[in-house]
Amino acid sequence: MSRRIWLAYGMAMLLIVALSSQIFAEKITLQVWDWGDIKSQERWNQYAEKYSAINPNVKIEAKVLDFGSYMQKLPVAIAGGTAPDIITTATETSNFVTVAKLGGFVDLKPFIEKDTEVSLDAWQPGAISSFTIDGKLYALPSGSNYPDMVWYNADLLDKAGLAYPTPKWTSDDFLTYATKLTKRDAGGKVTQWGLCMFDLTGVYRQWLWENGTSLFNSSITEFTGASPKAKEVFEKINHILFKSGAVPDAGVFEAAGVPSYEFFSTGKLGMDVWGHWVAPRFARMNKFRWAGVSVPLFKAGVQHMPALDVQGFGISAKSAHKKEAYEFIKWYITQSLSDLLKGPYGSNVVPAFIPVANSLDWLKSPPGIATNMIINNDVKIGRPNPATVKEWKAIDVFNQYAGTTIFSKSVDNVGKLLDEAKVKIEKWLKEYKD
Amino acid sequence: MNKSPKTRGSLYRDHTIAAWIMLAPTVIGMVIFTFGAMVYSFYLGFTNYSLINIPKFIGFANYSRVLTSDIFQKSLVNVTYYVILSIPTSIAMALLIAMLMNMKIKGITLFRTIYFTPAVASTVVVAMIWGTVLNYRYGILNRLLSLIGVAPVDWLNTPQWTMPALALVAIWSGIGGNIIIYLAGLKGIPRTLYEAAIIDGAGSWAAFRHITIPMMTPTIFFSLTLGLIGGFQLFELPYVLTKGGPQYATITPVYQIYESGFTYFEMGRASAMAWIVFAVILVVTAINLRLSNRWVFYAGR
């Protein structure tokens, strides 16, 4: 055989190898777990298709569970070595900090540092610090479900002759609004409630901070929730909830399995306190004019300190495709969220990626520019959730000894209850071992 | 050539092999998924294991922390209180209703079905329904009590009332199953015993005291044993209705096992708690078994 033939044969073989490596390139499957409803699953399926169209060698398998099941199944999956590559996480439960501390998530800082397209400066600083423990970034923030906002029925405020509140309003104004928005018939039966405020964690934390205190000292060795300033906050909350006559019983909603945001949609409720995630639900109802404003300042003149909760994506420490998983979550956060905002109902989270948060798509999306600018600012200055398992447990202990009682019924002497709780909580803190 | 007839020994051997073959799936399942899991959890009780890390041996640290924990001690007291409240009442009521249902009355089958219905409902559903019934302001129980002049009780938010409220729910949901067991027991009492008693001049009360109760003691013992074992494992009702509160008034050991294991991933501590609960149930059951010699009457003995 001549040299020319050998050369041609060699070239042909090389071509075949090169082509076959393209044709038979290994298709990577990335598993993503999220919580949500049927609509969330449909949305994820669309993202998966869209991403695979751009990246033919990556297949996204998204699984959406309800929040309760998600929180139960995730640890079991992690333990069984079947955790998904991409784990949706949030700082509103102890789940993030627990998984992160146990080494369940990969540190994402090295990925971002090598990335030439984005840098950490492009995210809201509070969101990044929420997912950072001991200098390691364990999840990339997609958005904030909280700070809590006060959502109000603008039509009812107009009827009651109340001006739309601004972020400078106070807890006293809040109480006045709630009382004036509560209407009764001739027999004294309530026909319109002023306020529902069942999502209290963010509210009490904000008011404690604004009043110059907190539930625990910074090293979580002392319960400061029984200080005079803290007592003032808890007394106010108990008064608004149970002594003002402007708030319906939470038990009715819980027992009926109907959350208060469904009640808000009936137009029989003046104000409702929830995170931003209710906004798309309100956007769907289209019955009356509504908007949102920051949770009021505890007192006039104090510095506003909203409590932040962030949602995002971590990558499983056992994932075989960490680089690809990082590329996907980056694409999701920077690209697909923008698409979602172009839809009629907006996003259930406040974007944590600043270019998206500043985009007109986001600002114009429901509930509209005025409210979204307020939310953006609250996210920017928001303070993160607890970063230790001990603090989460200590909050549980506080809820058992005082919190649940203060938030579920009228208490004659809130101060006494907190003093009694302090003894038990501090005993627990003293005996606590990791 | 004719086959020689099988000897008794070879027949026995054949039957034994056949029995083992048929039992094998269940036995293998139990060995792997029950005993295997138990052995592993016993080992985990001596480790610091949090699902993701490799278990690290720490001796008796988990046991000493759990046993000295105020909250765990409180949970043991709570569950004992719950057992005392719910089991005797449940047994007495179920026996009474079973006796009424044992009468030949028209439409009794309908009553049996009605009483049995709660037993087939899931505990979570039962808890949600009772959450409405026990609501402080709008609950039907407080409405009924107000008709007889009783002030409303905050059943699920007052430490002294929450456990009795949970016991009430448990009695309501469990009574149907107990009634069926007692009904079967009552049907097994020979009529001749009552006929002989009537001839001897015994009244209804004497017949109940000297025939029904003694003849029913094996059934009562059976339901008491199951009730004790189930009662010490109380979980769903406080989980759905009270989250263990208020002030840990309804916290139970199994609730704490769940919280340690699946909220905070402390599998070592959760395993230690599980073995302590197992030991408590074992001791209580052993005492119950021992005491049964004094009051349980077996007709065949």
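Two salt bridges are counted between chain B and chain A in this predicted model. One of the pairs joining the two chains this way is Asp70(B) with Lys427(A), where the closest N and O atoms sit 2.2 Å apart. Polar contacts add to the picture: eight residue pairs are in polar contact between chain B and chain A, both partners being at pLDDT 80 or more. On the chain B side, the elements that put two or more residues against chain A are helix H3 (70–101), helix H5 (123–133) and helix H11 (253–262) of chain B. Sorted by class, that side of chain B comes out at 12 nonpolar, 10 polar and eight charged residues.

As for the extent of the contact, chain B brings 30 residues to it and chain A brings 37 residues. Interface size is often quoted as the accessible area lost when the parts come together. Here the area buried between chain B and chain A is about 2,800 Å², with carbon and sulfur atoms giving 52% of it. Three residues stand out on one side: Ile52(B), Gln247(B) and Tyr264(B) supply 25% of the area that chain B buries against chain A, more than any other three residues.

Turning to the rings, the count over all chains is 55 aromatic pairs. Take Trp44(A) and Phe328(A), whose ring centres are 6.2 Å apart; their planes meet at 35°, which is neither under 30 degrees nor over 60, so the pair is tilted. Trp44(A) belongs to helix H2 (residues 38–54) of chain A and Phe328(A) to helix H14 (residues 322–341) of chain A, so this pair ties together parts that are 284 residues apart in sequence. Trp44(A) has a relative accessible area of 3% and is buried, and Phe328(A), at 1% relative accessibility, counts as buried too.

A second pair from chain A is edge-to-face: Tyr261(A) and Trp274(A), at 5.4 Å centre to centre with 75° between the planes. Tyr261(A) lies in helix H12 (residues 260–264) of chain A and Trp274(A) in strand S10 (residues 269–274) of chain A, so here the parts tied together are 13 residues apart in sequence. Both Tyr261(A) and Trp274(A) are buried.

Back at the tilted pair, Trp44(A) and Phe328(A) also turn up together in one aromatic cluster, along with Tyr47(A), Tyr51(A), Phe313(A), Trp331(A) and Tyr332(A).

Key: Residues numbered from 1 in each chain as written. Chains lettered and ligands numbered in written order. Predicted model: local features only at pLDDT ≥ 70, side-chain atom pairs only at ≥ 80, totals over all residues. Heavy atoms only, no water. Contact = heavy atoms within 4.5 Å. Buried area = accessible area lost by both parts, 1.4 Å probe. Salt bridge = Lys/Arg side-chain N within 4 Å of Asp/Glu carboxyl O. Polar contact = N/O pair within 3.5 Å; in protein donor to acceptor, adjacent residues only side chain to side chain. Helix = DSSP H or I, 4+ residues; strand = E, 2+ residues; numbered from the N terminus. Nonpolar A, V, L, I, M, F, W, Y, C, P; charged D, E, K, R; others polar. Phe/Tyr/Trp six-rings, centres within 6.5 Å; stacked < 30°, edge-to-face > 60°. Buried < 20%, exposed > 50% of the residue type's maximum accessible area, 1.4 Å probe, protein only.
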